[in-house]
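The following exercises concern backbone geometry, residue exposure and a pocket in a single protein model. Each task is followed by a solution in steps.

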Amino acid sequence: EPSEGSESTQESMEHSEGSESTEAPMEPSEGSETAKDAMGGLLASLGLPGLELPELFKNQVGTLQIPKTKEEARLLAKELGQTALNMGKDKLKDTIRQSLPFHLGTVFVNDVDKEDVTTCADISSPLYCAKSSKVFNVTCAGWGGSACLERNAECERITLQGICDNSHKWLKIPCLGWGGSSCLSKGAKAKHITNERLCNAAAAKFGIKTVGWSGDACMDKTTASCDKITAAGICNDATKKLGLACAGWGGSRCLTSRATCADITSSRICNHAEHLGLECAGWGGSACLPHMRDNSTLCSSITGRRICESAVKHFGGVNCTWAHSGCQHANKL
């Protein structure tokens, strides 16, 4: 039912609509010094005394230009009313979107108003995306997992495995299938596969020829090499698994057949370097040392005190001793 005072409001609004722009200027109430006071006077003149300004307007009212005539006041009131209406619609959307369980709000509520939807990108709801042609008169391929896709969209824009594996049937987009973290398009290469099982089955599943899994990537013949292997087990069995002749795992990376003692970063592997086809003197504390003819150089290369003091045992009788400046050959002291 109409609220009390609505008749006076209607009369006031009708009077405003028929007003000429040549009307006498509206003066704020006596003693008014702020824009907020002037707006209060404006609302009162429109027959809306005591009406509270929305919070948004309270924050911005100081920047508003105060109307000088009733015609300007009518236009401003109309603008503020439309803004308030839009705020209410947005708040209602947010309330529905957040209140429905299981994220159903994102399914049933579209971010963009119906009249503003012109492309598939304007559709945020999977439900409306499936009915885009009927609801918005916009033809889309379908929902890709996180966005509504246009026809002939790229496979990489599909973000869910189930949709990717059925892309041709559901979206009329011919994709190879899910590669582990993305949907593969025709022409995809081994490097686009991010899952070991899929990499090893790539030839049969995707028609992509691969050498095998490196530990963190799928390799083909053009990219496969020992230094790209990141898993010790794969490196030590590289000949059988990948067809690569690698020396073996050096502690932090896979070594090629041309590796040296300096490439070994593990004390245990260094002290058994013969398994890599290398002859090394032993671990010096921070590096794997090669055999040296000069014992002084060998001693000065040792950085660990315990290793230095037991050099006779570990380095074939070389007599080293620990001094203030580090490890030195005993004969040099």
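**Exercise 1.** Identify the residue of strand 4 that is the bridge partner of C175, and state in which sense strand 3 and strand 4 pair.

*Solution.* The model is a predicted one.
Step 1. Locate the strands: strand 3 covers residues 175–178, and strand 4 covers residues 183–185.
Step 2. Look up the partner of C175; in strand 4 it is S185.
Step 3. Establish the sense of pairing. Strand 3 and strand 4 are antiparallel and are joined over three bridges.
Step 4. Inspect the connection. Four residues lie between the two strands of this hairpin, and G180 takes a positive phi near 120 degrees.

**Exercise 2.** For N137 and K172, determine the loop in which each residue is found and whether each is buried or exposed.

*Solution.*
Step 1. Recall the background: most residues other than glycine have a negative phi.
Step 2. Consider N137. This residue is not a glycine, yet its phi is positive, at about 60 degrees. N137 is placed in the loop between helix 7 (132–136) and strand 1 (142–143).
Step 3. Assess its exposure. The relative accessibility of N137 is 68%, and therefore N137 counts as exposed, the cut-off being over 50%.
Step 4. Treat K172 likewise. Its phi is positive, near 60 degrees, and K172 is a residue other than glycine. The loop in question runs between helix 9 (167–171) and strand 3.
Step 5. Because its relative accessibility is 61%, K172 counts as exposed.

**Exercise 3.** Decide whether S125 is buried or exposed, and find the residue whose backbone nitrogen lies 3.3 Å from a polar atom of its side chain.

*Solution.*
Step 1. Place S125 in the loop between helix 5 (105–108) and helix 6 (126–130).
Step 2. S125 has 0% relative accessibility, so it counts as buried; the cut-off for this class is under 20%.
Step 3. Examine the side chain of S125: one of its polar atoms lies 3.3 Å from the backbone nitrogen of Y128.

**Exercise 4.** Describe the second largest pocket by its volume, its lining residues and the element that gives the largest share of the lining.

*Solution.*
Step 1. The second largest pocket holds about 240 Å³ of space.
Step 2. Its lining has 16 residues, of which N236, G248, W249, H275 and L276 are the closest to the centre.
Step 3. Two or more lining residues come from each of helix 12 (232–236), helix 13 (238–242), strand 7 (246–249) and helix 14 (267–270). Strand 7 gives the largest share, four residues.
Step 4. By class, the lining comprises nine nonpolar, five polar and two charged residues.

Definitions and conventions: Residues numbered from 1 in each chain as written. Predicted model: local features only at pLDDT ≥ 70, side-chain atom pairs only at ≥ 80, totals over all residues. Heavy atoms only, no water. Pairing = 2+ DSSP bridges. Buried < 20%, exposed > 50% of the residue type's maximum accessible area, 1.4 Å probe, protein only. Polar contact = N/O pair within 3.5 Å; in protein donor to acceptor, adjacent residues only side chain to side chain. 1 Å grid on protein atoms, 1.4 Å probe; cavity = no way out; pocket = protein on both sides within 12 Å on 5 of 7 lines; lining within 4 Å. Points joined across faces, edges and corners; volume = space filled by probe spheres on them. Nonpolar A, V, L, I, M, F, W, Y, C, P; charged D, E, K, R; others polar.
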